[in-house]
Amino acid sequence: MTNEQKISQILSNVSSVGSHLDSRSAVLTSRNLAPVRPEIGSRAYHAAVLGAKPEFKRTLHVGRPNMPDRAAFLRRINEVLDSGWLSNFGPMEQEFERRVAETAGTKYCVATCNATTGLEVAIAGLGMTGDVIVPSFTFIATVHALWRQGLRPVFCDVDPETHCLDVDCVEAAITSRTTGILGVHLWGNSCDSLALREVADKHGLKLMFDAAHSIGCRSDGAGHDGIGDAAVFSFHATKCVHAFEGGAIVTNDSDLEKKLRLMVNFGFAGEDAVAHLGTNGKMSEASAAMGLTSLESMDRFFEHNKRNYMAYSAGLGEIPGIKLMRRHTNRPHNFQYIVTEIDADAFGLTRDELVAALRLENVCARRYFHPGCHRMEPYVGLSPRAGQTLPVTEILTDRVMVLPTGTAISTDDISRICRRISALSRNAEAVHRALTVCNDPRLPSYARGPGVEVSTAGTRL
Ligand SMILES: Cc1ncc(COP(=O)(O)O)c(C=O)c1O
């Protein structure tokens with residue numbers, strides 16, 4: 001039987017109340033579906049999984065690079081080539097550091113080749129040892145940076161609204177082995193930096209932030225979201241302001257800044273003198289040229305992202321079971337991520353099913369941060385009671401879906417994405433059944449074939 005025949009058969013069988021989620025999800029156990037009868041030949045067929053044409057010919061991605069002014073970038077690259085100074089704290093890199101510090105409202109900035117190296121250098125520079133408290137609901141690089149410095153991550157739960165560290169859980173997790181807290185300003189949301197500072201000071205701990213998502217975000221309306229002793233931005237190609245690859249550590253501590261600057265250059269304090277353990281974490285002049293040009297276009301990128309956010313807000317507002325993360329549109333923010341949570345009971349499909357069905361529309365929505373760092377190697381086993389200690393994380397890893405945005409996506413694209421999401425919800429039962437027999441190569445591997453569940457440990461922001 002062809003796929004089309006299977007789908008027709010499924011459609012003709014769909015007529016009654018169902019509870020298909022039982023077999024697909026351990027977390028979501030029941031639902032009351034109204035009788036579902038796909039409106040054959042009508043709008044119901046406006047879903048590729050049910051035989052319609054995909055909504056988009058091109059694939060829409062989360063995190064397609066924003067392109068800044070090409071002529072300005074090429075002018076800078078020509079300057080770099082003319083100067084013959086390609087790396088090692090050249091003029092582009094120095095200017096980039098000044099601009100990042102200005103944007104972040106900090107005294108110092110040390111540019112790095114990427115944020116992961118920046119995190120490792122900052123962690124080592126702060127001299128943390130033993131245990132460090134960190135969320136599990138983050139990109140794996142946050143936790144790898146600790147582990148690679150010989151530290152043990154102690155996973156802590158997050159706030160259900162901001163997805164950032166829950167301060168009460170942090171305080172409860174502190175032991176005599178704890179030397180630091182590594183918060184993540186996830187999605188550009190701010191951790192409760194003041195409360196975390198108080199807790200850190202009370203217990204004599206270092207406090208730093210992974211601010212990979214946060215360039216340009218000032219959710220408290222004054223100064224940058226807390227930087228603690230140090231914070232690290234990412235300028236990876238998929239970030240709204242990028243340097244091809246790049247990172248930056250910001251701090252207000254002049255001694256730390258001097259130390260970090262040596263550490264990103266193998267620890268060299270002079271021609272032959274090595275003062276610290278170090279690495280090669282420097283940013284190249286080509287990256288700094290792109291970073292500077294990208295920073296110049298920052299406001300345009302943010303405005304575009306904000307318009308996209310508002311279009312999603314309008315388009316998803318009436319669809320049951322899909323919640324868009326709230327943003328304060330009057331505060332400086334990069335609106336870089338369109339973060340949704342899927343309540344399968346109300347929506348009719350699980351998050352994974354919705355992601356799969358959207359892939360067939362050529363909308364490359366992504367699940368984040370499934371299955372949580374505490375369920376990835378080498379951290380499996382560090383949180384044996386995760387169900388009790390990380391309940392919010394466990395729910396979020398099953399529910400969060402990120403939708404495409406950035407300058408490659410228009411508000412018209414977003415209206416079309418939202419209409420398809422609505423059609424998928426209205427025809428949930430038929431969609432579910434069609435997915436169980438679908439083996440389209442565009443589907444994520446975990447959605448191919450019934451009951452298949454594959455970890456996406458490499459999920460990338
Ligand atoms: C939360 C978070 N931390 C760290 C990183 C690592 O950044 P980079 O790719 O610049 O090393 C990323 C993204 O890629 C991230 O999303």
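A residue counts as buried if 20 or more other C-beta atoms lie within 10 Å of its own. The exercises below use a predicted model.

**Exercise 1.** How many residues of helix 17 (residues 428-436) are buried?

*Solution.* Apply the cut-off of 20 or more C-beta atoms within 10 Å to each residue. Ala428, Glu429, Ala430, Val431, His432, Arg433, Ala434 and Leu435 pass. That makes 8 of 9 residues, so helix 17 is mostly covered.

**Exercise 2.** What span should helix 11 (residues 298-316) have, and how far apart are its end C-alpha atoms?

*Solution.* Take 1.5 Å times one less than the number of residues. For the 19 residues of helix 11, the expected span is 27 Å. The end C-alpha atoms are 27 Å apart, which agrees. Next, look at burial: Phe301, Phe302 and His304 are among the buried residues of helix 11. Their cover includes strand 10 (338-342) and helix 16 (411-426).

**Exercise 3.** Which residues touch the most other members of the largest nonpolar core?

*Solution.* The core has 131 residues; Val49, Ala122, Ile249, Val250, Ala357 and Val431 touch the most other members. Helix 5 (residues 115-126) gives the most to this core, with 7 residues. Now take Ala122. Beyond its neighbours within four places in sequence, Ala122 contacts Met208, Ala230, Val232, Ile249 and Leu260.

**Exercise 4.** Which strands form the edges of the open sheet with the order 2-8-7-6-5-3-4?

*Solution.* This sheet has 7 strands and mixed pairing. Strand 2 (108-112) and strand 4 (152-156) each pair on one side only, and these are the edge strands. Further in, strand 3 (residues 131-135) and strand 5 (residues 178-184) run parallel, joined by 3 bridges. One bridge pairs Val132 with Gly180 in strand 5.

Key: Residues are numbered from 1 along each chain as its sequence is written. This is a predicted model: local features need pLDDT of at least 70, side-chain atom pairs count only at pLDDT 80 or more; totals for chains, interfaces and linings use all residues. A nonpolar core is a set of buried Ala, Val, Leu, Ile, Met, Phe, Trp, Tyr and Cys residues joined through C-beta atoms within 7 Å. A residue is buried if 20 or more other C-beta atoms lie within 10 Å of its own, exposed if 12 or fewer, and partly exposed in between; C-beta atoms are placed from the backbone. Helices (H or I, at least four residues) and strands (E, at least two) are DSSP runs, numbered from the N terminus. Two residues are in contact if their C-beta atoms, placed from the backbone, lie within 7 Å. Two strands pair if DSSP finds at least two bridges between them.
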